[in-house]
Amino acid sequence: MQTIALTSLVIRDRQRSEASVNKTEVERLADSIQQKGLLHAPVVFRDESGFVLIAGKRRTAAMASLHAASRIFFYNGAPVPSGEVPYTEICDLSVADLAEA
(Lines give C-alpha, C1' and ligand atoms only; values in the text may rest on other atoms or scores of the structure.)
Protein backbone atom coordinates (compact mmCIF):
# COMPACT_ATOMS: atom_id res chain seq x y z
CA MET A 1 0.00 0.00 0.00
CA GLN A 2 1.33 3.40 -1.00
CA THR A 3 0.40 6.18 1.41
CA ILE A 4 1.08 9.87 1.76
CA ALA A 5 0.56 12.18 4.71
CA LEU A 6 -2.88 13.72 4.45
CA THR A 7 -1.34 17.15 5.04
CA SER A 8 1.02 16.67 2.07
CA LEU A 9 -1.73 16.06 -0.47
CA VAL A 10 -2.20 19.01 -2.84
CA ILE A 11 -5.83 19.85 -3.62
CA ARG A 12 -6.17 22.33 -6.47
CA ASP A 13 -9.01 24.75 -7.18
CA ARG A 14 -10.44 22.57 -9.93
CA GLN A 15 -11.38 19.96 -7.32
CA ARG A 16 -14.65 20.60 -5.57
CA SER A 17 -14.25 23.27 -2.92
CA GLU A 18 -14.48 22.28 0.74
CA ALA A 19 -17.76 24.21 1.00
CA SER A 20 -19.34 22.02 -1.66
CA VAL A 21 -18.56 18.79 0.23
CA ASN A 22 -21.68 17.83 2.14
CA LYS A 23 -20.69 17.01 5.74
CA THR A 24 -23.49 14.44 6.13
CA GLU A 25 -22.39 12.65 2.95
CA VAL A 26 -18.79 12.65 4.14
CA GLU A 27 -19.76 11.14 7.51
CA ARG A 28 -21.83 8.45 5.78
CA LEU A 29 -18.90 7.66 3.53
CA ALA A 30 -16.56 7.61 6.55
CA ASP A 31 -18.86 5.09 8.28
CA SER A 32 -18.90 2.95 5.13
CA ILE A 33 -15.10 3.08 4.80
CA GLN A 34 -14.69 2.07 8.43
CA GLN A 35 -17.15 -0.82 8.10
CA LYS A 36 -16.18 -2.14 4.66
CA GLY A 37 -12.71 -0.70 4.12
CA LEU A 38 -11.59 1.75 1.47
CA LEU A 39 -12.45 0.21 -1.90
CA HIS A 40 -10.67 2.67 -4.22
CA ALA A 41 -7.75 4.88 -3.25
CA PRO A 42 -7.78 8.49 -4.37
CA VAL A 43 -5.99 9.11 -7.67
CA VAL A 44 -3.04 11.49 -7.76
CA PHE A 45 -0.29 12.66 -10.07
CA ARG A 46 3.10 14.07 -9.15
CA ASP A 47 4.31 17.46 -10.24
CA GLU A 48 6.66 20.10 -8.86
CA SER A 49 4.21 20.84 -6.03
CA GLY A 50 4.00 17.21 -4.89
CA PHE A 51 1.14 14.70 -5.01
CA VAL A 52 -1.88 16.41 -6.59
CA LEU A 53 -5.36 14.96 -6.02
CA ILE A 54 -7.32 14.45 -9.23
CA ALA A 55 -10.05 12.02 -8.09
CA GLY A 56 -11.35 11.18 -4.64
CA LYS A 57 -12.05 14.47 -2.83
CA ARG A 58 -14.97 12.99 -0.84
CA ARG A 59 -12.98 9.84 0.02
CA THR A 60 -10.11 12.01 1.18
CA ALA A 61 -12.44 14.13 3.32
CA ALA A 62 -13.95 10.95 4.80
CA MET A 63 -10.50 9.57 5.63
CA ALA A 64 -9.56 12.91 7.25
CA SER A 65 -12.70 12.63 9.38
CA LEU A 66 -11.81 9.06 10.40
CA HIS A 67 -8.27 10.09 11.35
CA ALA A 68 -9.53 13.11 13.31
CA ALA A 69 -11.77 10.80 15.36
CA SER A 70 -8.96 8.20 15.78
CA ARG A 71 -11.09 5.63 13.96
CA ILE A 72 -9.15 2.79 12.32
CA PHE A 73 -9.92 1.79 8.74
CA PHE A 74 -8.45 -0.60 6.20
CA TYR A 75 -7.37 -0.62 2.58
CA ASN A 76 -6.67 -3.93 0.84
CA GLY A 77 -6.90 -5.69 4.19
CA ALA A 78 -4.25 -3.57 5.92
CA PRO A 79 -4.83 -0.79 8.44
CA VAL A 80 -4.12 2.68 7.10
CA PRO A 81 -1.52 4.45 9.26
CA SER A 82 -2.81 7.39 11.27
CA GLY A 83 -2.70 10.64 9.31
CA GLU A 84 -1.94 8.83 6.05
CA VAL A 85 -3.99 8.40 2.87
CA PRO A 86 -3.58 5.51 0.42
CA TYR A 87 -3.23 6.65 -3.18
CA THR A 88 -2.97 5.41 -6.74
CA GLU A 89 -0.85 7.32 -9.23
CA ILE A 90 -2.63 8.07 -12.49
CA CYS A 91 0.28 6.59 -14.46
CA ASP A 92 -0.48 3.21 -12.83
CA LEU A 93 -4.09 3.09 -14.06
CA SER A 94 -5.29 1.14 -17.09
CA VAL A 95 -7.46 2.77 -19.75
CA ALA A 96 -10.54 1.16 -18.18
CA ASP A 97 -9.55 2.44 -14.73
CA LEU A 98 -9.06 5.94 -16.12
CA ALA A 99 -12.60 5.93 -17.48
CA GLU A 100 -13.93 5.19 -13.99
CA ALA A 101 -11.69 7.72 -12.18
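The largest nonpolar core in this predicted model comprises 15 residues, of which Ile 33, Ala 62 and Phe 73 touch the most other members. Helix H1 (23–36) and helix H2 (57–68) each contribute at least two residues to this core. Another core, of six residues, lies apart from it, and three strands form an open sheet.

**Nonpolar cores**
- Ala 62, one of the three members of the largest core that touch the most others, is in contact with Val 26, Leu 29, Ala 30 and Ile 33, leaving aside residues up to four places away in sequence.
- The separate core of six residues includes Ile 4, Leu 9, Phe 51 and Leu 53.

**Thr 60**
- Thr 60 is located in helix H2, a helix that also supplies at least two residues of the largest core.
- The relative accessibility of Thr 60 is 4%, and this residue therefore counts as buried, the cut-off being under 20%.
- With residues up to four places away in sequence not counted, Thr 60 touches Leu 6, Leu 9, Pro 42 and Leu 53; among these, Leu 9 and Leu 53 belong to the core of six residues.

**Sheet**
- The strand order in the open sheet is S3-S2-S7, with mixed pairing.
- Strand S3 (50–55) and strand S7 (88–89) occupy the edges; each has a single partner strand, so one side of each has no neighbour in the sheet.
- Five bridges join strand S2 (residues 43–47) to S3, and the two pair in the antiparallel sense.
- Asp 47 is positioned opposite Gly 50 of S3.

Notes
Residues numbered from 1 in each chain as written. Predicted model: local features only at pLDDT ≥ 70, side-chain atom pairs only at ≥ 80, totals over all residues. Heavy atoms only, no water. Core = buried A, V, L, I, M, F, W, Y, C linked by side-chain atoms within 4.5 Å. Buried < 20%, exposed > 50% of the residue type's maximum accessible area, 1.4 Å probe, protein only. Helix = DSSP H or I, 4+ residues; strand = E, 2+ residues; numbered from the N terminus. Contact = heavy atoms within 4.5 Å. Pairing = 2+ DSSP bridges.
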